[in-house]
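User: I'd like a close look at one part of this protein, the largest pocket and what surrounds it. Could you walk me through that part and how it sits in the rest of the fold?

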Amino acid sequence: MLAVEPTDRLRDSAKAIHPSPLIEWVADSLPYLRKLISLGQSFDLVLLTAAWMHLTRQERQKAMPNVAALLKVDGVLLMSLRHGPVPENRRMFHVSVAYSTPNQPPIPIEIRH
């Protein structure tokens, strides 16, 4: 399993909570995922949680092709979208399914709710 977390504090905390030699932790971030993409791996499953709402609409448009490129053919992307008020002093943006799957460039992703 490969896990990506951009912040040292949260990555170190996650390592302490999940001390498994089966988890490889990578310091990387959306929208580009340069380190992760440079590994040249593809995955059956990409799980994207507690991240999408921190990106602007423009950043999400840049990120989706990079996330999609990590999937194997017939791979699955599971993404949680946060709805509701933004907590004070947090960098978060409104997200929706419509604004999370860009039409340009077209990305072959099937959306299910």
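Analyst: Let's start with the overall layout: reading along the sequence, you get the pattern β-α-β-α-β-α-β, from three helices and four strands. Keep in mind that this is a predicted model. Of the 113 residues in the protein, 29% are buried. If you take the contacts with a separation of 6 or more, 61% of them are between residues 24 or more positions apart.

Now the pocket. The largest one has a volume of about 1100 Å³. It is lined by 32 residues, and the closest to its centre are Val-4, Glu-5, Leu-47, Leu-48 and Thr-49. Three elements give two or more residues to that lining: strand S1 (2-4), helix H1 (8-17) and strand S3 (43-48). S3 has the largest share, with five residues. In terms of chemistry, the lining has 22 nonpolar residues, with five polar and five charged ones besides.

From S3, follow the chain into the loop that leads to H3. Ala-50 sits in that loop, and its backbone is worth a look: phi is near 55 degrees, a positive value in a residue other than glycine. Most residues other than glycine have a negative phi. Ala-50 counts as exposed because its relative accessibility is 54%, over the 50% cut-off. Trp-52 is in the loop between S3 and H3 too, but this residue counts as buried, because its relative accessibility is 1%. Its C-alpha is 6.8 Å from that of Leu-81, a residue 29 positions away in sequence.

The loop brings you to helix H3, residues 57-69. Its 13 residues should span 18 Å at 1.5 Å a residue, and the end C-alpha atoms are 19 Å apart, so the two agree. H3 does bend, though, by about 30 degrees at Ala-63, and a proline, Pro-65, follows within four residues. Which residues of H3 are buried? They are Arg-60, Ala-63, Met-64, Asn-66, Val-67 and Ala-68. Those buried residues pack against helix H2 (34-38), S3 and strand S4 (71-79), and S3 is the strand with the largest share of the pocket lining.

Next, go back to S1, one of the elements that line the pocket, and look across to strand S2. Glu-24 lies in S2, which covers residues 24-26. Leaving out residues up to four places away in sequence, Glu-24 touches Met-1, Leu-2 and Ala-3. The C-alpha atoms of Glu-24 and Leu-2 are separated by 4.8 Å, although the two residues are 22 apart along the chain. With a relative accessibility of 43%, Glu-24 counts as partly exposed.

Two backbone details elsewhere round this off. In the loop between S2 and H2 you'll find Pro-31, joined to Leu-30 by a cis peptide bond with omega of about 15 degrees. Most peptide bonds are trans. Then, in the segment after S4, there is Asn-89, which has a positive phi of about 65 degrees although it is not a glycine. Asn-89 counts as exposed because its relative accessibility is 75%.

Conventions
Residues are numbered from 1 along each chain as its sequence is written. This is a predicted model: local features need pLDDT of at least 70, side-chain atom pairs count only at pLDDT 80 or more; totals for chains, interfaces and linings use all residues. Side-chain values use heavy atoms; hydrogens and water are left out. On a 1 Å grid over the protein atoms alone, a cavity is a set of points where a 1.4 Å probe fits but cannot get out, and a pocket is an open set with protein on both sides within 12 Å along at least five of seven lines; lining residues have an atom within 4 Å of a point. Grid points are joined across faces, edges and corners, and a volume is the space filled by probe spheres set on the points. Ala, Val, Leu, Ile, Met, Phe, Trp, Tyr, Cys and Pro count as nonpolar, Asp, Glu, Lys and Arg as charged, and the others, Gly among them, as polar. Buried means under 20% relative accessible area, exposed over 50%, partly exposed in between (1.4 Å probe, protein chains only). Contact means heavy atoms within 4.5 Å. The expected span of a helix is 1.5 Å times one less than its number of residues. The bend at a residue is the angle between axes fitted to the seven residues ending there and the seven starting there.
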